Amino acid sequence: MPDDQGNGVVDPGRSGGVRVEIDAGVAVLTIDRPEVRNAIGFATIDAFDAALDRVGRSDAAVLVVRGGGDRAFVSGGDLKELRAVRTREDAVAMASRVRRVLDRIADFPVPVIAALNGHALGGGAEVAIAADIRIAADDVKIGFNQVALGIMPAWGGAERLAQTVGRSRALLAVTTGELYDAATALRIGLIDIVVPRAAFDDEWRGLAQRMADLAPGTTSSVKAVIAAAVPSLPAELERDATAAFAQLWISDAHWDAVDALDQQRRSG
């Protein structure tokens with residue numbers, strides 16, 4: 001098996017539901033948890049963090065993040081696991097833990113492409129917005145719909161959304177929880193490229209490979225220059241956002257909404 005400096009598969013397994021492959025300068029990180037529509041649990045976020053370490057040690061010029069299958073990119077947090085988070089302190093710790101991994105995506109030294117193979121909802125939209133570029137199949141929906149559960153984005157998604165689409169559109173998206181189809185998301189700048197479902201895999205792979213085929217060091221240099229024009233989120237925003245999220249998380253309204261969702265799923 002090649003090491004992290006060479007081409008080929010870095011981690012062919014599914015540790016924490018995360019796979020990493022590196023070939024010809026393109027690293028592909030796949031969240032593959034079909035049983036929960038690629039939802040993020042605690043083991044998944046740790047595996048994600050470790051995968052970023054591996055890619056960072058490699059010669060990859062581009063990183064692609066995608067979900068396994070064609071139903072979901074990431075469906076959000078794994079509510080079965082997150083049910084155990086009941087105190088304000090634990091809610092802050094959980095939100096901060098995931099947020100810091102998504103901060104790593106946003107600040108990664110080479111361009112990051114989110115390949116939206118399926119719907120990106122709630123926390124999944126937060127993963128997508130942390131990437132530099134979003135390419136989606138034309139039947140995909142994306143939305144920051146955490147309000148349906150009486151909470152708000154806590155992983156940096158609201159702030160990054162405002163940077164991407166502007167303050168008013170971000171406020172509208174988060175407070176209504178609207179799910180945008182791919183065409184609408186493209187129009188408002190939430191998604192950058194929309195392609196037919198049948199061509200999706202060829203298109204995102206082709207885009208990543210074109211970038212990786214540039215002269216060595218080009219992608220990291222270009223990203224560094226552009227990133228300097230759009231600074232990273234100030235550190236103090238994490239404290240305020242996670243505190244606001246934690247207060248909502250422990251509220252009766254949130255848990256009533258979670259119970260209602262569980263009941264709906266059981267009866268459906």
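Which residue of S7 does Ala-72 stand opposite? The close-ups below take this up, starting with how to read them. This is a predicted model, in which local features need pLDDT of at least 70, side-chain atom pairs count only at pLDDT 80 or more, and totals for chains, interfaces and linings use all residues. Residues are numbered from 1 along each chain as its sequence is written, and side-chain values use heavy atoms, with hydrogens and water left out.

**View 1. The open sheet and its edges.** Four strands line up in the order S5-S7-S9-S10, with mixed pairing. Here strands (E, at least two residues) and helices (H or I, at least four) are DSSP runs numbered from the N terminus, and two strands pair if DSSP finds at least two bridges between them. S5 (72-74) and S10 (180-181) are the edge strands, each pairing on one side only.

**View 2. S5 beside S7, with helix H4.** S5 and S7 (residues 119-121) run parallel, joined by two bridges. As for the opening puzzle, Ala-72 stands opposite His-119. Helix H4 (residues 123-130) packs on the sheet and touches S5, S7 and S9 (141-143); contact means heavy atoms within 4.5 Å. The direction of H4 makes about 105 degrees with that of S7, using lines fitted to C-alpha atoms (for helices over the stretch in contact) and N-to-C angles from 0 to 180 degrees.

**View 3. Strand S8 and its two partners.** Four of the five residues of S8 (residues 133-137) are buried, that is, under 20% relative accessible area with a 1.4 Å probe, protein chains only. S8 pairs with S6 (residues 112-116) in the parallel sense over four bridges, and three bridges join S8 to S11 (residues 193-195), also parallel. Ala-136 in S8 stands opposite Leu-116, and has Val-194 as its bridge partner in S11.

Note on methods:
Buried means under 20% relative accessible area, exposed over 50%, partly exposed in between (1.4 Å probe, protein chains only).
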